[in-house]
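Colleague: I should be grateful for a close look at the packing around a single residue of this model. Please follow that packing outward into its surroundings.

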Amino acid sequence: MTFTVRAVLLFATALVVAGCGRSVDGSPETGAVAGPATTPSVTTAPKTTTTTPTSTTSPTTRTTTTTNTPAQANPQTFAGTAEGSYYFTTPSTKFHCAILTGGDVPTAGCHGPMPASAPKVPGSGASGTPVTPNAIEVTGGRPGEFASAGDPRYYPLDGSAAPALSYGTALQVNDLTCLVDETSGVSCRSDAGHGFTLSDSAFRVW
């Protein structure tokens, strides 16, 4: 074989060997192959819900104070024979009372069973010896007080029976008012702020 033919054969062999280095199954040649692009992950912060506090306003409570105004009696129902005199009894008939406005000193007072705690007062006699009172009275100018009346001034002068003043009904003549309560007893007061409350077991003067 000549030198030229040998060189051609060597060159052809080299080509065959080089071709054997390629893949025969369609796979890519050995080497780095770029894959699909990777999308970076994005972290989304959770939504924050802001709640606006609801203002609650308490309803306004109105307090209503009820003042019981007593019924008013007709003074003429209790008028005596003497001018300016008005007589009544308590419904229990224990106390006999009057509002007397005909004299110089208008007075309201009562006769009846005095409580054991009532203070003794000067007697109506000349000696002035302290005695158990038989009356209680009030005028516009001085506080209520117990008294010993020689004459029963708070009974009708003609001896007639005075009508009863109903519980919770006020008898008002000028600046004097009397009222009977079933629990506390009979009360008389003046517009000047003096008065008394009396039952057969208790009393108060002011």
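Modeller: Leucine 171 is a suitable centre: beyond its neighbours within four places in sequence, it is in contact (heavy atoms within 4.5 Å) with Ala73, Pro75, Phe78, Tyr86, Phe88, Ile99, Leu165, Leu176, Thr177 and Cys178. The model is predicted, so local features need pLDDT of at least 70 and side-chain atom pairs pLDDT 80 or more, whereas totals for chains, interfaces and linings use all residues. Residues are numbered from 1 along each chain as its sequence is written, and side-chain values use heavy atoms, without hydrogens and water.

Leu171 also belongs to the largest nonpolar core (buried Ala, Val, Leu, Ile, Met, Phe, Trp, Tyr and Cys joined through side-chain atoms within 4.5 Å; buried is under 20% relative accessible area with a 1.4 Å probe, protein chains only). Of its 25 residues, Phe88, Leu171, Val186 and Leu198 touch the most other members. At least two residues of this core come from each of β2 (85-89), β3 (96-100), β4 (107-111), β7 (135-139), β9, β10, β11 and β12, strands being DSSP runs (E, at least two residues) numbered from the N terminus. β10 gives the largest share, 3 residues. Tyr87, Ala98, Ala135 and Tyr154 are among the 5 residues of a second, separate core.

Thr177 and Cys178, both contacts of leucine 171, reappear in the lining of the largest pocket, where they lie nearest its centre together with Ala170, Leu179 and Arg189. That lining comprises 13 residues, with at least two from each of β9 (169-173), β10 (176-181), β11 (185-190) and β12 (195-198). A pocket is an open set of 1 Å grid points, over the protein atoms alone, where a 1.4 Å probe fits, with protein on both sides within 12 Å along at least five of seven lines; lining residues have an atom within 4 Å of a point.

Definitions and conventions:
Helix = DSSP H or I, 4+ residues; strand = E, 2+ residues; numbered from the N terminus. Buried < 20%, exposed > 50% of the residue type's maximum accessible area, 1.4 Å probe, protein only.
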